Amino acid sequence: MFVVISYDISEDKRRTKVHKILKSYGQWMQYSVFECDLTKTQYAKLRSRLSKVIKPNEDNIRFYFLCACCQGKVERIGGDMPRDTTVFFA
């Protein structure tokens with residue numbers, strides 16, 4: 001599943017932790033936005049890890065799921081092209 005994740009975390013320390021967690025699951029696109037291509041298991045683990053870090057009454061994380069058709073309709077203007085950081089081991 002392709003997920004766009006945005007977050008608004010009020011404290012720097014928690015925001016840094018959230019950023020590091022998300023960076024291990026996907027591509028950092030903008031300041032508080034990641035794009036992740038996840039399995040259901042990866043998504044469940046990611047949600048679990050994030051829920052342990054944030055304060056729900058102060059912080060906000062949103063998950064936007066894009067189907068394959070919608071993913072192909074994403075448009076962008078400016079900025080660096082997203083990098084494919086896929087690693088293949090032979």
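Colleague: What percentage of the 90 residues in the chain do buried residues make up?
Modeller: Happy to start there, and keep in mind that this is a predicted model. A residue counts as buried when its relative accessible area is under 20%. Of the 90 residues in the chain, the buried share is 28%.

Colleague: Thanks! What pattern does the chain follow along the sequence?
Modeller: The chain has 3 helices and 4 strands. Reading them along the sequence gives the pattern β-α-β-β-α-β-α.

Colleague: How far apart are the end C-alpha atoms of helix H2?
Modeller: Helix H2 covers residues 40-53, which is 14 residues. At 1.5 Å a residue, the helix should span 20 Å. The model agrees, with its end C-alpha atoms apart by 20 Å.

Colleague: Why are Tyr 43, Leu 46, Leu 50 and Val 53 on the same side of H2?
Modeller: An α-helix has 3.6 residues a turn, so residues three or four places apart point the same way. In H2, Tyr 43, Leu 46, Leu 50 and Val 53 are buried. They sit on the same side of H2 because the arc they cover around the axis is only 90 degrees.

Colleague: And which residues are exposed on the other side of H2?
Modeller: The buried residues of H2 are covered by elements including strand S1, helix H1 and strand S4. On the other side, the exposed residues of H2 are Lys 40, Thr 41, Lys 45 and Lys 52.

Colleague: Which element gives the most to the largest nonpolar core?
Modeller: That core has 18 residues, and Leu 46 and Leu 50 are among those with the most contacts inside it. S1, H1, S3, H2 and S4 each give two or more residues. With 4 residues, the element that gives the most is H2.

Technical notes
Residues are numbered from 1 along each chain as its sequence is written. This is a predicted model: local features need pLDDT of at least 70, side-chain atom pairs count only at pLDDT 80 or more; totals for chains, interfaces and linings use all residues. Side-chain values use heavy atoms; hydrogens and water are left out. The expected span of a helix is 1.5 Å times one less than its number of residues. Buried means under 20% relative accessible area, exposed over 50%, partly exposed in between (1.4 Å probe, protein chains only). The arc is that of the directions from the helix axis to the C-beta atoms. Contact means heavy atoms within 4.5 Å. A nonpolar core is a set of buried Ala, Val, Leu, Ile, Met, Phe, Trp, Tyr and Cys residues joined through side-chain atoms within 4.5 Å.
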